[in-house]
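Colleague: Could you take me slowly through one part of this model, explaining what its residues meet and how its pieces are arranged?

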Amino acid sequence: MDVNNKITTAIFSYDNHITERIISNLREIELIKEIIIISNVEISDKTSLVKSAFPLSGDTIKRVIEKTSTQYLMLIVGNGIIESTGKGIEKFISEAKNFNAGLVYSDNTEKKGDKTFSHPLINYQTGSIRDDFEFGQCYFINADTAKKCLPDLISIKNNLHYSGLYDLRLAISRKSTLKRIPEHLYMVHIREESSEPEKMFDYVNPKNRQVQVEMERVATHHLKEIDAYINSSNKKSTIFNNNFTCEASVVIPVKNRVNTIGDAMRSALTQKTHFSFNVIVIDNHSTDGTTEKINSISAEDKRVVHIIPQRNDLGIGGCWNEAISHSACGKFAVQLDSDDLYSDEKTLQKIVDKFYEDKCAMVIGSYKLTDFKLNEIPPGIIDHREWTDENGQNNALRINGLGAPRAYYTSIIREVKFPNVSYGEDYAVGLAFSRQYKVGRIYEPVYLCRRWEGNTDVSLSIEKRNANNFYKDSLRTEEIKLRQEANRTKKQ
């Protein structure tokens with residue numbers, strides 16, 4: 001065995017039993033020269049130990065990289081038992097060399113009990129800067145590249161406890177390629193995990209506040225390094241005009257929601273305001289009785305504008321474009337999904353007041369997750385307090401959502417427009433607004449997001465989740481390019 005092809009393995013140990021099982025497997029692979037354990041307790045197996053109370057800190061990552069004497073370092077991170085083979089490791093090494101990659105990861109197979117499942121991943125791109133990008137529980141980094149990155153790591157300079165690995169990954173991406181191998185090169189024996197609903201909202205969980213603060217610092221540092229950072233002082237001022245037939249429009253895109261559309265429309269129509277408003281319902285060719293339900297309510301209240309698009313290929317974004325381009329659209333276009341409700345009769349007034357208070361082009365509120373009977377369900381209130389006026393426009397590229405309900409100054413959203421998709425359309429325009437304009441925030445819950453079978457992302461297949469994540473990463477990729485161009489223009 002050529003010593004130059006041997007690798008070092010670093011195991012981030014959270015459970016001694018799992019770690020011992022992984023080590024037992026690795027001992028049988030001749031390609032592995034050394035095993036490093038990152039843990040806050042002693043390990044019985046004779047391995048090299050990096051003892052740390054903060055296994056993902058910048059200092060810990062630095063110590064691991066400096067202990068690595070081989071060209072490649074295999075990282076094992078997660079709560080599953082990893083089962084690898086010599087052939088799988090050889091494939092990792094050959095791909096890393098062929099593509100001169102700084103980081104290489106692969107699809108894998110999961111085993112739960114007696115059942116096995118394919119676990120495909122997605123390709124990395126410029127916009128894959130979210131801290132929850134999935135590399136799997138086993139991946140390789142080029143140790144030489146990593147050592148060159150150490151002086152650039154903000155997690156080391158600022159003694160950050162939770163973001164060292166994220167910091168290293170972004171630094172590697174600035175110097176090298178991150179390569180996915182679309183093959184199943186290892187197996188993960190899965191133990192119990194946190195529930196998907198909880199994981200979906202980890203980044204807004206108050207318990208994780210310190211982690212999120214660190215991640216934001218690292219992401220902001222990365223954006224500055226690639227010249228995609230936007231200074232809040234460079235935002236355009238918003239001047240409102242009065243060339244609208246009413247002050248606000250509640251916009252409800254809908255398709256086949258006969259059981260919920262009536263509640264949503266009544267929630268909008270019962271708003272108490274000091275101004276005139278209407279409710280624009282874009283009925284995307286419903287076939288289940290939704291159209292008739294809208295007609296019955298609009299016959300009783302002339303504030304309802306019922307639109308059935310001529311096109312048959314519209315997603316939610318396309319439906320929004322129909323609403324904001326309509327002559328009846330008010331000065332401010334305010335979201336209400338057909339499944340959801342405003343929390344009380346004052347929501348619309350609070351949103352419009354916020355536009356004038358902050359002189360902003362977009363307002364984003366906070367919402368409460370409930371079941372169909374309006375009982376609060378975990379994690380409860382989603383208020384996105386990670387947003388700040390100073391850095392929200394940059395941190396928006398790291399996180400996966402901006403909150404709800406969303407409202408737009410109609411003159412500007414008509415210029416920006418929505419992509420004609422049914423996932424991520426709101427995130428796309430949120431990034432565009434935050435790049436150029438001030439965004440106002442309401443941190444009290446003004447919206448009830450009703451979760452029920454058929455409207456939740458939790459039950460999506462891994463292939464669909466991957467497609468959604470890849471699309472949002474592509475939005476970030478394009479947005480980063482636009483921000484870099486804007487910064488270059490300012491320097492000229």
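Modeller: What follows is a close look at a pair of helices, and then at a single threonine elsewhere in the chain.

Please keep in mind throughout that this is a predicted model. Two packed helices are described by the angle between their axes and the distance between the axes. For helix H15, which covers residues 425–436, and helix H16, which covers residues 462–491, the axes come within 10 Å and cross at roughly 20°. Because angles under 35 degrees count as roughly parallel, H15 is roughly parallel to H16, and the crossing of the two is right-handed. On the H15 side, the residues that take part in the contact are Tyr 427, Ala 428, Leu 431, Ala 432, Ser 434 and Arg 435, and on the H16 side they meet Lys 472, Leu 475, Arg 476, Glu 479, Leu 482 and Arg 483. Sorted by character, the residues of this contact comprise 6 nonpolar, 1 polar and 5 charged.

The threonine is Thr 60, which belongs to helix H2, a helix running over residues 58–67. Thr 60 has a relative accessibility of 0%, and therefore it counts as buried, since buried means under 20%. Its side chain reaches the backbone oxygen of Phe 54 at 2.9 Å, and the side chain of Thr 60 also makes a polar contact, at 2.8 Å, with the side chain of Ser 57. If residues up to four places away in sequence are left aside, Thr 60 touches Ile 38, Val 50, Ser 52, Phe 54 and Pro 55.

Terms used. Residues are numbered from 1 along each chain as its sequence is written. This is a predicted model: local features need pLDDT of at least 70, side-chain atom pairs count only at pLDDT 80 or more; totals for chains, interfaces and linings use all residues. Side-chain values use heavy atoms; hydrogens and water are left out. Helices (H or I, at least four residues) and strands (E, at least two) are DSSP runs, numbered from the N terminus. Buried means under 20% relative accessible area, exposed over 50%, partly exposed in between (1.4 Å probe, protein chains only). A polar contact is a pair of N or O atoms within 3.5 Å; within protein, one must be able to donate a hydrogen and the other to accept it, and residues adjacent in sequence count only if both atoms are side-chain atoms. Contact means heavy atoms within 4.5 Å. Axes are lines fitted to C-alpha atoms, for helices over the stretch in contact, and angles run from 0 to 180 degrees between N-to-C directions. Angles under 35 degrees count as roughly parallel, over 145 as roughly antiparallel, 65 to 115 as roughly perpendicular and the rest as oblique. A crossing is left-handed if the near helix is turned anticlockwise from the far one by less than a right angle, and right-handed if clockwise. Ala, Val, Leu, Ile, Met, Phe, Trp, Tyr, Cys and Pro count as nonpolar, Asp, Glu, Lys and Arg as charged, and the others, Gly among them, as polar.
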